[in-house]
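Please find below my notes on the model you asked me to look over. They are set out as numbered points, beginning with the chain as a whole and then turning to individual residues.

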Amino acid sequence: MADKHLSSQFDSDLKALCSSLLEMGGMVETQILEATRAFSEMNVELCKTVIDREKLINTKEIEIDSACTEIIAKRQPTARDLRLVMAVSKAITNLERAGDEAEKVAKRTRRIIRSGAEHKINVAEIIISGQLALKQLRQSLDAFARLDRDAAVEIVLDDRQIDEEFRAFVRKLTSYMTEDPQTIATGLDMLTIAKSIERIGDHAKNIAEFVI
């Protein structure tokens, strides 16, 4: 009876851990959504919201990481259960870094707004990349929640779309900066934003790979 009770408690701990991961994922999704919105709308208030909220994600990562450590120390999981705990630990690191990239998008957007140069460069590829990265993160978290290997494999393959949009924007940006040197400062900020979005896609892909 005691063994059954311990097993039941362990299952409960694992479910709570996965729920916390998905909660953190939802927080990061919101950050990415609002950071990309702030960029597409050049909305300084949304930039501030994203920047201010980053601390909450960092706190959540520390909380979940502590829970992972406690489960390993108290329950000493083996085989599949241990792999799950370690996957959660790695996934929250990627989520935290994706949140950092969203904050970077917001900070660079705020700088572009303050410079008054937001309308000089066509940014269609960045907008598309942001939508793709957000979709990819949602799908990765869904695959993690269901431990759906097939869905995770598709996400890994789909990551190329974001890379293609990034490369297309870099080519266009190079042309803009060559033709008009006054766009160089803004162009470099936008390049940082595009790279941050590409990295968000990479972090989403990493989460999918943990499922596999």
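**Notes on the predicted model**

1. In this predicted model, the mean position of the 31 positive charges of the protein and that of the 36 negative charges are 1 Å apart.

2. The secondary structure consists of seven helices and zero strands, so that the order of elements, read from the N terminus, is α-α-α-α-α-α-α. Taken along the principal axes, the box filled by the C-alpha atoms of the protein is roughly 75 × 35 × 20 Å.

3. Of the 212 residues in the protein, 43% are buried, and the accessible surface amounts to about 11,100 Å², with 51% of that area belonging to carbon and sulfur atoms. When contacts between residues at least 6 apart in sequence are considered, 85% of them join residues at least 24 apart.

4. Helix α3, which spans residues 79-115, holds Asn-94, a residue that is buried because its relative accessible area of 7% falls under the 20% limit. The side chains of Asn-94 and Asn-206 are joined by a polar contact of 2.8 Å. Once the neighbours within four places in sequence are left aside, the residues in contact with Asn-94 are His-203, Asn-206, Ile-207 and Phe-210.

5. Glu-101 is likewise found in helix α3, and with a relative accessibility of 9% Glu-101 counts as buried. Its side chain makes a polar contact of 2.8 Å with the side chain of Ser-196. Not counting residues up to four places away in sequence, Glu-101 touches Ser-196, Arg-199 and Ile-200.

6. A further residue of helix α3 is Ile-113, whose relative accessible area of 19% places it among the buried residues, since the limit for that class is under 20%. Between the C-alpha atoms of Ile-113 and Gln-131, which are 18 residues apart along the chain, the separation is 21 Å.

7. How many disulfides does the model contain? The count comes to zero under a rule that asks for cysteine sulfur atoms within 2.5 Å. Cys-18 is in no disulfide, and the nearest cysteine sulfur to it, that of Cys-68, lies 9.0 Å away. Viewed from the other side, the sulfur of Cys-68 has its closest cysteine sulfur in Cys-18, and because the distance is 9.0 Å, the two are too far apart for a bond. Cys-68 itself counts as buried, at 3% relative accessibility.

8. Two loop residues deserve a comment on their backbone angles, given that most residues other than glycine have a negative phi. Gln-76, although it is not a glycine, has a positive phi of about 45°. The place of Gln-76 is in the loop between α2 (44-75) and α3, and at 62% relative accessibility Gln-76 counts as exposed, because the class begins over 50%.

9. The second of these residues is Leu-147, which is not a glycine and yet has a positive phi of about 50°. Leu-147 is found in the loop between α4 (124-146) and α5 (149-158). Is Leu-147 buried, exposed or partly exposed? With a relative accessibility of 40%, Leu-147 counts as partly exposed, since that value lies in between the limits of 20% and 50%.

Notes. Residues are numbered from 1 along each chain as its sequence is written. This is a predicted model: local features need pLDDT of at least 70, side-chain atom pairs count only at pLDDT 80 or more; totals for chains, interfaces and linings use all residues. Side-chain values use heavy atoms; hydrogens and water are left out. Helices (H or I, at least four residues) and strands (E, at least two) are DSSP runs, numbered from the N terminus. Buried means under 20% relative accessible area, exposed over 50%, partly exposed in between (1.4 Å probe, protein chains only). A polar contact is a pair of N or O atoms within 3.5 Å; within protein, one must be able to donate a hydrogen and the other to accept it, and residues adjacent in sequence count only if both atoms are side-chain atoms. Contact means heavy atoms within 4.5 Å. Accessible areas come from the Shrake-Rupley method with a 1.4 Å probe; for residues, only the protein chains shown count as cover. Lys and Arg count as positive and Asp and Glu as negative; His and the chain ends are not counted. The place of a charge is taken as NZ of Lys, CZ of Arg, CG of Asp or CD of Glu.
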